[in-house]
Amino acid sequence: MALEDICSFKDTSGHHEWFPASPLEDTSFNLTDYYNLGWRRQKKTERNGGVPLHFFTPTLPNSAHFNHSATVRRPFPLSHGTTTLGFIFQGGVIAAADTRASAGGLVACPFVHKITPIHSHLVVTSSGSGADCMLWERILAREIRLYQLRHRRRLSIRGTAKLLSFMLHPFKGTEVCVALTLCGWDKEADNSGCADDSSLPVNQDVTAMTHPASPNSGPKLIYVCSDGARLHGDIFSVGSGSPYAYGVLDGGMRWSLSKDEAISLAREAVFRATHRDAYSGNNVDLFHITAQGWSQRQREDLKEEYYREMEKRAKDSGGKKKSDTTK
């Protein structure tokens with residue numbers, strides 16, 4: 001399928017052509033159709049090697065005359081609940097999330113992966129509808145890999161966020177529910193060809209890195225949701241448990257955190273959120289992204305964290321009572 005797409009052996013209705021003056025880096029463009037986001041004519045530039053840029057967008061039914069109010073509604077309200085977070089510090093980017101998938105008041109699965117590696121220097125945290133998030137994560141991974149095969153270089157994190165935003169925007173107003181936070185590291189562009197093999201994940205401990213001189217490289221954190229919104233920032237928390245997570249992050253977040261301090265802060269934020277939010281819980285997954293790639297921390301059971309917290313409180317209260325009696 002990938003070779004057919006690259007070589008243009010066949011052209012299906014699900015593939016649309018995009019031809020910006022600079023691939024995914026220039027926002028000036030002319031849309032001919034709001035729903036299929038097609039372009040008027042093919043354009044080829046020296047920047048993209050004369051190869052048209054294609055990417056996939058699931059087509060809407062009767063998109064030319066699509067009416068949002070005419071869509072079939074679900075027979076039940078769809079409830080969402082999760083806790084995901086990401087932040088940038090001097091040692092890279094931290095991404096953390098719980099592992100509970102809920103369907104209203106039902107815990108559908110306690111061992112879901114809400115952080116998905118896209119390539120060796122990019123992971124995404126997902127919240128919203130589980131089916132929608134899995135679909136768009138797979139589409140995004142496919143399009144990034146096809147881009148690398150065509151242009152012999154990896155698409156930047158900002159370009160990836162812009163691509164995802166363009167693909168999601170036609171579904172604004174529908175019941176598609178996707179909120180992805182892109183947590184990654186952009187490396188300096190390598191004009192000699194493709195960068196080191198980004199299809200192989202880096203599962204090794206890495207040392208802390210600082211911001212390089214170039215503004216286009218270094219840690220990136222970008223939030224994209226299903227209405228096409230795209231936000232850049234240094235700290236994001238998404239989901240029903242995000243207000244509790246923000247309370248911890250705002251109190252302990254600073255640029256000069258060490259790697260161990262950043263990991264401890266992320267674990268604490270997810271733990272506090274799951275302790276108060278009924279739709280979050282079970283375990284915590286944590287990723288650390290640097291210039292060498294991402295590394296994953298072993299999954300931790302939040303129940304054990306809860307018992308450690310209770311034991312710590314009991315010791316503190318016991319020591320305080322003992323000091324009061326000695327006085």
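**Reading D98 and the α4–α5 packing**

Me: With which residue does the side chain of D98 share a polar contact of 3.0 Å?

Reply: The side chain of D98 meets that of K114 at 3.0 Å, as a polar contact (N or O atoms within 3.5 Å, within protein one able to donate a hydrogen and the other to accept it, with residues adjacent in sequence counting only if both atoms are side-chain atoms). A polar atom of the D98 side chain also lies 3.0 Å from the backbone nitrogen of T83. This is a predicted model, in which local features need pLDDT of at least 70 and side-chain atom pairs pLDDT 80 or more, while totals for chains, interfaces and linings use all residues. Numbering runs from 1 along each chain as its sequence is written, and side-chain values use heavy atoms, without hydrogens or water.

Me: Is D98 buried or exposed?

Reply: Buried means under 20% relative accessible area, exposed over 50%, and partly exposed in between, using a 1.4 Å probe and protein chains only. D98 has 0% relative accessibility and therefore counts as buried; its place is in strand β4, residues 92-98 (strands are DSSP E runs of at least two residues, helices H or I runs of at least four, numbered from the N terminus). Beyond residues up to four places away in sequence, D98 touches several others, including V112, V270, Y279 and N283 (heavy atoms within 4.5 Å).

Me: How are helices α4 and α5 oriented to each other?

Reply: Angles over 145 degrees, on a scale from 0 to 180 between N-to-C directions, count as roughly antiparallel, those under 35 as roughly parallel, 65 to 115 as roughly perpendicular and the rest as oblique. Helix α4 (residues 242-252) packs on helix α5 (residues 259-276) at about 150°, with axes 7 Å apart, so the two are roughly antiparallel. Among the residues that meet are Y244 and L249 in α4, and L265 and R272 in α5.
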